[in-house]
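Work through the exercises below with the sequence and the coordinates open. Each task is followed by a solution in steps.

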Amino acid sequence: MAIWKKKSVAKEVVQQISSQYLNSKNSYDLILASILARRGITEGEDILFYLESDQRFMHNPFLFNSMEDAVDRILDAVDENEKVLIFGDRDVDGITSTIVLYEKLKSMGLDVQYKVPTNDETYGLSYEAIDDFAEKGGTLLITVDCGIANVKEIAYANEKNISVIVTDHHNPQEQIPENTIIINPKVEECGYPFKDISGCAVSYKLVKALEFAKCPMYKQEICLMNVRPLNDSYAIECIKLENMSEKSRICEVIVPGVVDIYNTRLISFLSGQQIFVWDLPVQKKMLTDLFGKNIEFNLMDLRSEIAKVIPQVANLSLLRLKDLSKIARYNQKENTEIDSFFNIFISYIQKTVWDEKSETNIFNLQLVALAAMADIMPLVNENRIFLKQGIASLNSDKIKPGLEELLARLGLLGKKITSRDIAWKIVPALNATGRLGEPETALKLFTEPDARNRDKIAERIIYLNQQRKNMGDEAWKCIEPKIFDIPKQYNEKLCVVYEPKINRGVTGLVASKIMGVCKVPTIVITETEDCAIGSARSNRGFCISELISSCSDLLTKHGGHNFAAGFNLEKERIPEFLQRLKELSRTIEFPEENTDDIIEIAAELPEKYITKEILSVIDKIEPYGNGNEDLFFLAKNVLIKNAELMGKTDKSHLKLYFSICGIVWPGVYWNASDRLKKDFDVGDRVDFIFQMNRNIFNGAENLQLTIYDLAKSGEHEII
């Protein structure tokens, strides 16, 4: 049986989360608060991304220090009618990144092309692609979901008088490209507050920045000012901002008639600024009380302008806005009136510049959602909003052309799509195109204007996905007999499989499967006609990309994330590489324990709380995935009313019927028929770990428990 683990949390923390962020004494909100606390989600900003889905809470793209440079370079390309090449990767993240940026640049009138590696071409920017682009007279190359490791190739592009913008999200190596505009959240001092967005999300941020560049406030430094009375003085608070980002702020407390304005910081701070206030008459009166009528301030009132876009604020003071501010609720610092002014101003700018409900934005967020699941991004911070927005639109009547045809072929059109559907059905189908050397097929799916042709392309993708499955099965049959002895050669810390028969397109899938069996980081190496290619996957908190980087002298290319990486090397260096890995395996330490046999209990549910209302808790924790695992609940001392064997042939599953508060609840317990009458029986009282699921049949929604572990009451320890 599995280990049952229930982390203890302080009652005060649960109550504080419930009262401050959930504003309810509802028992189910207390359960939600306990789940958040048990998962370490106790800070306001972290809780925000679990409870909110508004696009307002996404991070400002101009927090990237290089974003303005990238935007200006692209705008120059528009002015000069330059040829632009987008170079992406062959996987889902690379394909979606390419499409998001390609469609935006095309809409701006640019002469833009895209290229991704096809057939047996290696990952990343190539000299051949640069030469071909240079021959066509190209002058601006933008990488998406790649580029940070292509130091030599980018230097070569510069020699060809090609400017390069790198948009990527992979771990940087010791040396990063020079003379290049780099937008990568993992680059040190990049300015962006969240490191774990996908490559497609980086493309999306660039697109949003390009949209903002059309606004008259682009690159304009402006100032928000608010004067508020104190007991015998006034506080003058100012925030200077540019491109929606706060640059600096001051607060001056001044007693009327005591301090001359020229002896404050206000003159130097406000000089040459466009100054906005809230409620101009009131602000002017207080400034006159402070400095007299001879000091003139060039002020503009924003309240009436903002009220045209956000009518509900028309008659509210900043003090009242402060109390109503949703974003302020999650701020750990004290929220002031100037903070409320800043927040409502940003909301106003976003609503006037970015049409969140536009078809383009909706379609882009669908692609960003696919990329987040495809690259197994942690579902925390703004990734949660990407997924929430993307999934909601996938369940609407607005689905991106191409994606709509694929969903139809997958049997998902018209059904409620979840993060699991994206991860297990949509992403593998799209990924199959790149794995089998046809990423251009997926790109054509999204760029083909004719619906009938898109349907044919979707059919081709389904075929490729089946081929990918077959290749994976063949590869597994080939290596399964020998994988169990391999970790011994690597000090039980690593599993390295070298098998030329494996198709290069499934090395990553095979590595993941081996890792699940052997419980250690895994590297799978195969060969193409030109070189050896490897994929690495990791677990237990071990950064596999650092291990690969330590062998860089043996490799021709390498790159990746903490837990997934890839590399190329010359075939004759494979023995040396394997030996190096054996030596390095001695140094591997796992920061995390092996959790495969541990079930983390999200909450213990007394019988009276096992109702439909618990679904409100489950829905709020959605979407589920990496960094936000499924919820497992514990029920204790529950009576088994009846039991049935299930299964088409061998009857290996159980359907148990539990008596819960006078209602009989069905629960499916997979592969457990052999435990009936041995470990438990009808009439027993049991403790069990379960998930609650919606079971929709013939349009009717019913609830069903899925049992993951079960024991007679009191017989299984909970740690």
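**Exercise 1. Surroundings of a serine**

Which residues does serine 340 touch, not counting residues up to four places away in sequence?

Solution.
- The model is predicted, so its coordinates are read as such.
- Locate the residue: serine 340 is part of helix α14, which covers residues 337-353.
- Check its exposure: the relative accessibility of serine 340 is 3%, and the cut-off for buried is under 20%. Serine 340 therefore counts as buried.
- List the neighbours: with residues up to four places away left out, serine 340 touches Leu318, Leu321, Lys322 and Asn335.

**Exercise 2. Overall dimensions**

Determine whether the radius of gyration agrees with that of a compact globule.

Solution.
- Take the expected value: for 719 residues, a compact globule would have a radius of gyration near 27 Å.
- Compare it with the model: the protein has 29 Å, which agrees.
- Add the extents: the C-alpha trace spans about 90 × 75 × 55 Å along its principal axes.
- Add the burial: 54% of the 719 residues are buried.
- Add the contacts: of those with a separation of 6 or more, 66% are between residues 24 or more positions apart.
- Add the surface: about 32600 Å² is accessible, and carbon and sulfur atoms account for 47% of that.
- Add the secondary structure: the protein has 25 helices and 23 strands.

**Exercise 3. Aromatic pairs**

Classify the ring pair of phenylalanine 62 and tyrosine 218, and place both residues in the chain.

Solution.
- Start from the total: there are 21 aromatic pairs in the structure.
- Read the geometry: the ring centres of phenylalanine 62 and tyrosine 218 are 6.0 Å apart and the planes make 45°, so this pair is tilted.
- Place the residues: phenylalanine 62 is in the loop between α3 (44-51) and α4 (67-79), and tyrosine 218 is in the loop between α8 (199-212) and β7 (221-229). The pair links distant parts of the chain, 156 residues apart.
- Check the exposure: phenylalanine 62 and tyrosine 218 are both buried.
- Repeat for another pair: phenylalanine 688 and phenylalanine 690 have ring centres 5.3 Å apart and planes at 50°, so they are tilted as well. Phenylalanine 688 and phenylalanine 690 are also buried.
- Extend to a cluster: Phe62, Tyr218, Phe212 and Trp354 form one aromatic cluster.

**Exercise 4. Salt bridges**

For three salt bridges, give the N–O distance, the location and the exposure of the partners.

Solution.
- The general principle: side chains of opposite charge can pair when their charged atoms come close.
- The search of the whole structure gives 37 salt bridges.
- First pair: the closest N and O atoms of lysine 186 and aspartate 196 are 3.9 Å apart. Both residues lie in the loop between β6 (181-183) and α8, so the bridge ties together parts 10 residues apart in sequence. Lysine 186 is buried at 18% relative accessible area, whereas aspartate 196 is partly exposed at 27%.
- Second pair: aspartate 289 and lysine 285 have their closest N and O atoms 3.4 Å apart. They are 4 residues apart in helix α10 (residues 280-291), and therefore separated by about one helical turn. Aspartate 289 is partly exposed at 38%, and lysine 285 is exposed at 53%.
- Third pair: for aspartate 455 and arginine 409 the closest N and O atoms are 3.0 Å apart. Aspartate 455 is in helix α20 and arginine 409 in helix α17, so the bridge ties together parts 46 residues apart in sequence. Aspartate 455 is partly exposed at 29%, as is arginine 409 at 36%.
- A network: Lys6, Glu604 and Lys636 are joined by salt bridges that share partners.

**Exercise 5. Packing of a helix**

Which residues of helix α19 (residues 439-447) are buried, and which elements do they pack against?

Solution.
- Buried in α19 are Pro439, Thr441, Ala442, Leu443, Leu445 and Phe446.
- Among the elements these residues pack against are the helices α5 (92-107), α15 (359-374) and α17 (403-409).
- The list also includes α18 (419-435), α20 (451-479) and the strand β3 (111-115).

Terms used: Residues are numbered from 1 along each chain as its sequence is written. This is a predicted model: local features need pLDDT of at least 70, side-chain atom pairs count only at pLDDT 80 or more; totals for chains, interfaces and linings use all residues. Side-chain values use heavy atoms; hydrogens and water are left out. Helices (H or I, at least four residues) and strands (E, at least two) are DSSP runs, numbered from the N terminus. The radius of gyration is taken over C-alpha atoms; the globule rule is 2.2 Å times the number of residues to the power 0.38. Buried means under 20% relative accessible area, exposed over 50%, partly exposed in between (1.4 Å probe, protein chains only). Contact means heavy atoms within 4.5 Å. Accessible areas come from the Shrake-Rupley method with a 1.4 Å probe; for residues, only the protein chains shown count as cover. Rings of Phe, Tyr and Trp (its six-membered ring) pair if their centres lie within 6.5 Å; planes under 30 degrees apart count as stacked, over 60 as edge-to-face and the rest as tilted. A salt bridge is a side-chain nitrogen of Lys or Arg within 4 Å of a carboxyl oxygen of Asp or Glu.
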